[in-house]
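Colleague: I am new to this structure. Please show me how to read its features, one by one.

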Amino acid sequence: MYNLKILLVYGKKGDERFYSARNVLNEFKSVTSQPETVKQIDTLMQDVHSNDSLLEISLKNLLEGPFSGRDEKDKAILMIVDDLEKILVPPAPNLDTKIYSLQDQYKNTLISIITAFRDANTESRLLLTSRYDFDLFNSSDKNISRELFKLSLAAMNEREAQKQYYVKYKEIADRESPKDQKDQKDQKERIKLEPARVMAACLGNPGLQDKMFTLFTQAPPNYKQALEQMESLKTTEDAYNR
């Protein structure tokens with residue numbers, strides 16, 4: 001069960017189409033080198049392209065077939081649907097809830113994935129990652145997100161926070177022009193990141209830290225102001241709770 005191949009479904013910002021039904025099936029090609037399995041995937045992709053409601057049964061065919069864990073040529077998989085917050089919708093301000101929902105165009109895809117893994121006789125497994133809790137209702141008005149085992153990650157330590165920043169910095173720096181990089185470098189020499197302060201202000205929350213690191217790489221003065229305001233708010237709350 002633990003010798004699983006990783007299949008990653010992940011969409012960068014602006015590339016949310018990678019969460020589409022057809023792309024989910026296409027990603028199965030990355031975990032097989034068997035021509036007959038690739039041919040089966042291509043056929044299923046054509047079917048789903050014509051009718052995306054066929055995604056659930058198509059996934060189940062793959063999970064109980066070549067990726068069942070009982071096949072001699074292909075291994076079972078761990079499908080990771082990563083960064084779901086990219087296709088989530090925040091609750092309306094007038095609602096007394098913090099629970100998000102899915103964008104309409106991706107609801108059927110995620111419902112099909114969860115249902116196929118739930119019902120298939122397979123050793124393959126499913127892992128979803130999201131910064132936010134969400135509801136997902138199927139056609140029978142059943143909230144199938146309640147069937148997921150939810151596990152909250154522990155707060156990051158300082159070393160993990162620094163690593164998160166370096167990844168974010170490289171991602172943004174690769175998109176900047178040389179002049180932008182020089183301007184940002186000049187500002188960063190005057191304003192230090194201080195990951196330990198960010199971690200303390202964000203209480204180790206990876207999502208909030210990511211926003212602060214983005215702000216630091218794009219607008220250091222705004223980062224400094226935001227960090228000081230967060231620290232001030234935290235100090236006020238700590239004093240109130242004593």
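Modeller: Let's begin with one residue. Gly69 counts as partly exposed because its relative accessibility is 31%. Buried would mean under 20%, and exposed would mean over 50%. Gly69 lies in the loop between α3 and β2. One more thing before we go on: this is a predicted model.

Colleague: Which residue has its C-alpha atom 5.3 Å from that of Gly69?

Modeller: That is Glu123. The two residues are 54 apart along the chain. Tyr19 gives another such case: its C-alpha atom is 8.9 Å from that of Leu84, with their positions 65 residues apart along the chain.

Colleague: Where does Tyr19 sit? And is Tyr19 buried or exposed?

Modeller: Tyr19 is in the loop between β1 and α1, the latter being residues 21-26. Tyr19 counts as buried because its relative accessibility is 3%.

Colleague: How is confidence to be read, and what is the mean pLDDT of the protein?

Modeller: The pLDDT is the predictor's confidence in each residue, from 0 to 100. Here the mean is 81. Of the residues, 76% reach 70 or more.

Colleague: Where is confidence lowest, and where is it highest?

Modeller: It is lowest in helix α6, residues 178-190, with a mean of 52. It is highest in α3, with a mean of 97.

Colleague: Now the strands. In what sense do β1 and β2 pair, and over how many bridges?

Modeller: To read a pairing, look at the direction and the bridges. β1 and β2 pair in the parallel sense, over five bridges. Val9 stands opposite Val81 in β2.

Colleague: Which strand is joined to β2 by four bridges?

Modeller: That is β5, residues 125-128, and the two run parallel. Here Leu78 stands opposite Arg125 in β5. So β2 has pairings with β1 and with β5.

Colleague: How many of the five residues of β2 are buried?

Modeller: Four of them are. This strand, residues 77-81, is mostly covered.

Colleague: And which residues form the nonpolar patch on the surface?

Modeller: Ile6, Leu8 and Tyr10 form it. Together they have about 260 Å² of accessible area. Ile6 is in strand β1, residues 5-9. With 49% relative accessibility, Ile6 counts as partly exposed.

Colleague: Let's turn to a helix. Which residues of α7 are buried?

Modeller: In α7, residues 195-202, they are Pro195, Val198, Met199, Ala201 and Cys202. They lie on the same side of α7, because they cover an arc of only 165 degrees around the axis. Just after α7 comes Leu203, with a positive phi of about 55 degrees.

Colleague: Next, charges. What is the general idea behind a salt bridge?

Modeller: Side chains of opposite charge can pair when their charged atoms come close. The cut-off here is 4 Å, from a side-chain nitrogen of Lys or Arg to a carboxyl oxygen of Asp or Glu. The structure holds ten salt bridges.

Colleague: Which parts of the chain does the pair Glu36 and Lys73 link?

Modeller: Their side chains meet in a salt bridge, 2.9 Å from N to O. This pair links distant parts of the chain, 37 residues apart. Glu36 is in helix α2, residues 35-50, and Lys73 is in the loop between α3 and β2. Glu36 is partly exposed at 39% relative accessibility. Lys73 is exposed, at 54%.

Colleague: Why are Asp104 and Lys107 separated by about one helical turn?

Modeller: Because they are three residues apart in helix α4, residues 104-119. They form a salt bridge, with the closest N and O atoms 3.2 Å apart. Asp104 counts as exposed, at 61% relative accessibility. Lys107 counts as partly exposed, at 29%.

Colleague: How many residues apart are Lys224 and Glu228?

Modeller: They are four residues apart in helix α9, residues 220-241, so about one helical turn separates them. Their salt bridge is 2.8 Å, N to O. Lys224 is partly exposed, at 39% relative accessibility. Glu228 is partly exposed too, with 38%.

Colleague: Finally, which residues are linked in a network of salt bridges?

Modeller: Arg118, Asp119, Lys142 and Glu147 are. Find them in the viewer and trace the links.

Conventions: Residues are numbered from 1 along each chain as its sequence is written. This is a predicted model: local features need pLDDT of at least 70, side-chain atom pairs count only at pLDDT 80 or more; totals for chains, interfaces and linings use all residues. Side-chain values use heavy atoms; hydrogens and water are left out. Patches are made of residues with over 30% relative accessible area and no salt bridge: like charges are joined within 9 Å, nonpolar side chains (Val, Leu, Ile, Met, Phe, Trp, Tyr) within 5 Å. Accessible areas come from the Shrake-Rupley method with a 1.4 Å probe; for residues, only the protein chains shown count as cover. Buried means under 20% relative accessible area, exposed over 50%, partly exposed in between (1.4 Å probe, protein chains only). Two strands pair if DSSP finds at least two bridges between them. The arc is that of the directions from the helix axis to the C-beta atoms.
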